[in-house]
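Please open the model in a viewer with both the cartoon and the residue selection panel at hand. The stops below proceed from selection to selection.

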Number of protein chains: 2
Amino acid sequence: MNAAAITEERPTAVASSLQDLETPCLVLDADRMARNVARLRARLAGLGVGLRPHLKTCKSVEVARQVMSSAEGPATVSTLKEAAHFAAAGVRDMIYAVGIAPAKLPQVLALRAQGVDLVVLLDTVAQAEAVAAASREAGAPIPALIEIDCDGHRSGVLPTDAERLVAIGRALENGAELRGVLTHAGGSYAARGAEALRQCAEDERRGVVDAATILRAAGLPCPVVSLGSTPTAHSATDLSGVTEVRAGVFVFFDLVMAGIGVCQIDDIALSVMATVIGHQREKGWILVDAGWMAMSQDRGTSKQAVSQGYGLVCDIEGQAWPDLILADANQEHGIITVRPGSGATLPDLAIGDRVRILPNHACATGAQHRSYQVVRGRSAAVEAEWPRFGGW
Amino acid sequence: MNAAAITEERPTAVASSLQDLETPCLVLDADRMARNVARLRARLAGLGVGLRPHLKTCKSVEVARQVMSSAEGPATVSTLKEAAHFAAAGVRDMIYAVGIAPAKLPQVLALRAQGVDLVVLLDTVAQAEAVAAASREAGAPIPALIEIDCDGHRSGVLPTDAERLVAIGRALENGAELRGVLTHAGGSYAARGAEALRQCAEDERRGVVDAATILRAAGLPCPVVSLGSTPTAHSATDLSGVTEVRAGVFVFFDLVMAGIGVCQIDDIALSVMATVIGHQREKGWILVDAGWMAMSQDRGTSKQAVSQGYGLVCDIEGQAWPDLILADANQEHGIITVRPGSGATLPDLAIGDRVRILPNHACATGAQHRSYQVVRGRSAAVEAEWPRFGGW
């Protein structure tokens with residue numbers, strides 16, 4: 001973590017137009033973002049559960065303040081760098097939602113000593129013993145959630161593995177604090193159709209609630225029952241027994257989420273602006289100065305019904321051309337073509353013309369950039385430049 | 001471009017061991033790098049041609065100084081941010097090897113006014129006219145190379161298209177400066193076997209030399225005849241008519257280059273160090289804290305004979321385990337498994353143990369990090385931390 005980088009993070013007032021910016025750059029439509037945030041808030045309010053947004057998507061204090069329910073949180077982070085940045089900006093309630101490595105506990109304790117309620121995640125007795133030992137040594141109990149594996153996609157304890165759950169809980173209670181259980185239905189990204197998504201959401205809920213029941217039956221505390229992913233947060237119809245929902249990409253949405261069906265193309269708030277730098281007319285190619293360095297190499301839609309290549313191409317106002325995609329990319333070159341078989345027409349774009357490209361995966365594309373250029377709707381006026389941070 | 005970021009760039013003296021570093025982090029074996037640089041230099045010296053290294057791979061002043069033939073260059077860059085950073089570090093001879101957008105010409109002129117011989121690239125009459133107009137307006141001729149398409153993989157003028165070549169050259173000579181021709185055999189990344197690589201190298205040479213011949217026959221100047229890619233630079237046996245070779249990834253090498261056959265696994269100088277954070281023992285999974293954010297999503301070896309997943313796993317000394325790969329990745333989680341069908345044994349790694357993961361594509365993985373942790377060979381001593389920059 002770099003203290004200099006933290007103090008650098010401040011919004012920059014700008015007075016410019018999209019036409020004046022250097023390309024490639026990351027453009028954020030604040031109107032679309034506000035609509036996306038309001039939509040999930042309203043949905044969860046209807047289900048009676050609070051939102052703990054995942055800030056790994058935005059890595060920006062300004063965006064975080066739009067998406068959190070208060071300036072102090074709650075929030076979810078994926079790195080201790082995020083935890084430190086958001087702590088410096090006043091966030092006081094965070095879950096570090098990646099399994100804890102023992103060597104990271106001194107940083108966790110340092111943030112907690114600053115008044116940040118930073119909670120760690122784990123799924124082994126070895127980690128629980130390390131957290132308890134560090135807590136005892138520091139005289140400061142570190143709160144931990146047990147990760148539950150609701151769909152086999154990654155880490156976590158099976159909700160049926162009562163023995164391991166209780167052993168982890170007891171190891172924590174020897175000096176640390178068992179705060180509860182957490183799961184993430186990462187498998188929902190592969191689900192297709194509203195009914196399959198509702199089933200993912202119910203499997204996610206049932207897994208984490210079952211685990212909580214086991215812990216409580218063993219006399220262990222379990223105040224927090226946390227779940228979430230953008231697809232399941234937008235699909236759940238019952239969240240009984242759940243205390244909070246986590247979601248990240250809902251704030252911007254992206255082409256993968258549109259392909260899953262939880263948003264429309266016109267909801268996607270993030271795009272990369274690029275400039276036309278060439279043509280290979282006989283091949284139907286337009287070359288732009290946004291390659292994989294600007295877009296990331298996430299090809300998430302390649303496994304969906306409609307592959308969007310490296311992104312879907314829009315005009316400078318953010319309106320998508322039918323079937324115009326960034327079909328290929330090198331480090332700083334992108335090749336725009338019409339989608340094969342679509343019969344669409346290549347727009348007549350000249351050297352120097354600008355386009356905006358919607359990303360497959362907002363988390364990955366955002367991470368390639370150092371700031372957001374903030375616009376609203378079809379206006380070309382850039383209201384602000386909001387810094388992003390990266391690293392670990 | 002950010003002036004603050006430029007002044008920040010300085011080597012940091014450190015006195016630590018790999019065991020003390022936060023993970024994930026980027027580790028550079030300076031011994032392997034030195035060997036890689038010496039190997040290409042010796043090869044090109046034998047062919048009688050100089051090296052103009054592509055600094056998009058390293059984005060680091062310290063690495064650039066190891067790879068350039070002098071502190072002033074020559075060098076190749078892929079963004080104006082790179083040009084500005086390296087200019088601030090004293091580099092005076094650079095080609096910006098991505099087709100120029102007219103809106104970028106004021107920055108080019110500003111760098112040239114500082115005494116940097118920055119050369120632009122183009123492949124259309126429209127760009128040539130824009131460069132000539134900007135040159136006339138500034139009273140300072142901007143030198144430009146014409147990009148030649150030697151293998152159909154991206155941009156450039158076909159070496160048989162004499163009419164377009166001469167039209168671009170004449171448009172430049174109306175106020176700007178025609179410096180020569182440049183090509184890049186990007187298609188060589190898909191070549192398999194020494195003979196196919198030699199053929200790519202010869203096609204690359206023939207294309208750019210033929211274009212130079214056309215320009216000279218039309219009475220136009222063509223002092224520079226530039227070509228290169230790491231595979232062809234290591235495969236060419238004749239570079240008659242060529243004035244310089246460009247290559248980037250040779251400095252670090254990576255799994256894609258090993259798959260092509262231009263290096264061995266033990267030549268790869270770059271790795272990502274990660275910490276074990278969990279197991280799914282019944283599935284044969286080891287979870288680490290390096291996901292696609294640390295590795296990038298480059299899956300370049302997936303199209304080769306041996307797919308390395310998101311990377312090949314080594315011990316902390318940088319020695320690869322047989323057939324142990326990062327098979328899957330989420331943003332901050334990686335899943336290590338043995339390669340399916342290999343019959344290899346999963347090593348016994350405990351929570352907190354550290355591994356190093358070789359990347360598919362050094363340019364892409366490097367770009368996910370803010371610095372290099374510099375080691376030599378199997379030693380765990382970290383000699384230095386060298387900053388990297390990013391952005392545009």
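Begin with chain B of this predicted model and select its open sheet, in which eight strands are arranged in the order 3-10-9-8-7-6-5-4 with parallel pairing. As background, strands of a sheet pair through backbone hydrogen bonds, either parallel or antiparallel. To find the borders of the sheet in chain B, select residues 50-53 (strand 3) and 75-77 (strand 4): these are the edge strands, and each pairs on one side only. Looking from one strand to the next, one finds a twist that averages 30 degrees.

Next, select residues 177-183 and 224-227 of chain B. These are strand 8 and strand 9, which run parallel and are joined by three bridges. Within this pair, B:Gly180 stands opposite B:Val224 of strand 9. Now add residues 125-138 of chain B, which form helix 6; this helix packs on the sheet and touches strand 5 (93-99) and strand 6 (117-122). The direction of helix 6 of chain B makes about 150 degrees with that of strand 6.

Then display both chains together. What rotation superposes chain B on chain A? The rotation is one of 180 degrees, with 0.0 Å of shift along its axis and an RMSD of 0.0 Å. The two copies are therefore related as by a two-fold rotation axis. To locate this axis from chain B, select B:Gln297, the residue of that chain whose C-alpha comes closest to it, at 2.7 Å. Colouring the interface adds a further point: 100% of the interface residues of chain B are also interface residues in chain A, so the copies meet through the same surface.

Hide chain B and turn to chain A as a whole. Chain A contains 12 helices and 18 strands. Its radius of gyration is 22 Å, close to the 21 Å that the globule rule gives for 392 residues, so chain A is as compact as a globular protein of that length. The C-alpha trace of chain A spans about 70 × 45 × 35 Å along its principal axes. Of the 392 residues in chain A, 61% count as buried. Among contacts in chain A with a separation of 6 or more, 67% come from residues 24 or more positions apart. A surface representation of chain A shows an accessible area of about 13,200 Å², of which carbon and sulfur atoms hold 51%.

Within chain A, select the open sheet of eight strands, whose order is 3-10-9-8-7-6-5-4 with parallel pairing. Zoom in on strand 8 (residues 177-183) and strand 9 (residues 224-227) of chain A, which run parallel and are joined by three bridges. Here A:Leu182 has A:Ser226 of strand 9 as its bridge partner. Add residues 162-172 of chain A to show helix 7, which packs on the sheet and touches strand 6, strand 7 (143-148) and strand 8. The direction of helix 7 of chain A makes about 170 degrees with that of strand 7.

The final selection is A:Val166, found in helix 7 of chain A. Is A:Val166 buried or exposed? A:Val166 has a relative accessible area of 13%, and it is buried because that value lies under 20%. Leaving aside residues up to four places away in sequence, A:Val166 touches A:Ile214, A:Leu215, A:Ala218 and A:Leu220. For a distance check, pick the C-alpha atoms of A:Val166 and A:Cys150: these residues are 16 residues apart in sequence and 17 Å apart in space.

Key: Residues numbered from 1 in each chain as written. Chains lettered and ligands numbered in written order. Predicted model: local features only at pLDDT ≥ 70, side-chain atom pairs only at ≥ 80, totals over all residues. Heavy atoms only, no water. Pairing = 2+ DSSP bridges. Helix = DSSP H or I, 4+ residues; strand = E, 2+ residues; numbered from the N terminus. Contact = heavy atoms within 4.5 Å. Axes fitted to C-alpha atoms, helices over the stretch in contact; angles between N-to-C directions. Rg over C-alpha atoms; globule rule 2.2 N^0.38 Å. Buried < 20%, exposed > 50% of the residue type's maximum accessible area, 1.4 Å probe, protein only. Areas by Shrake-Rupley, 256 points an atom, 1.4 Å probe, with all protein chains shown as cover. Least-squares fit on C-alpha atoms with pLDDT ≥ 70 in both.
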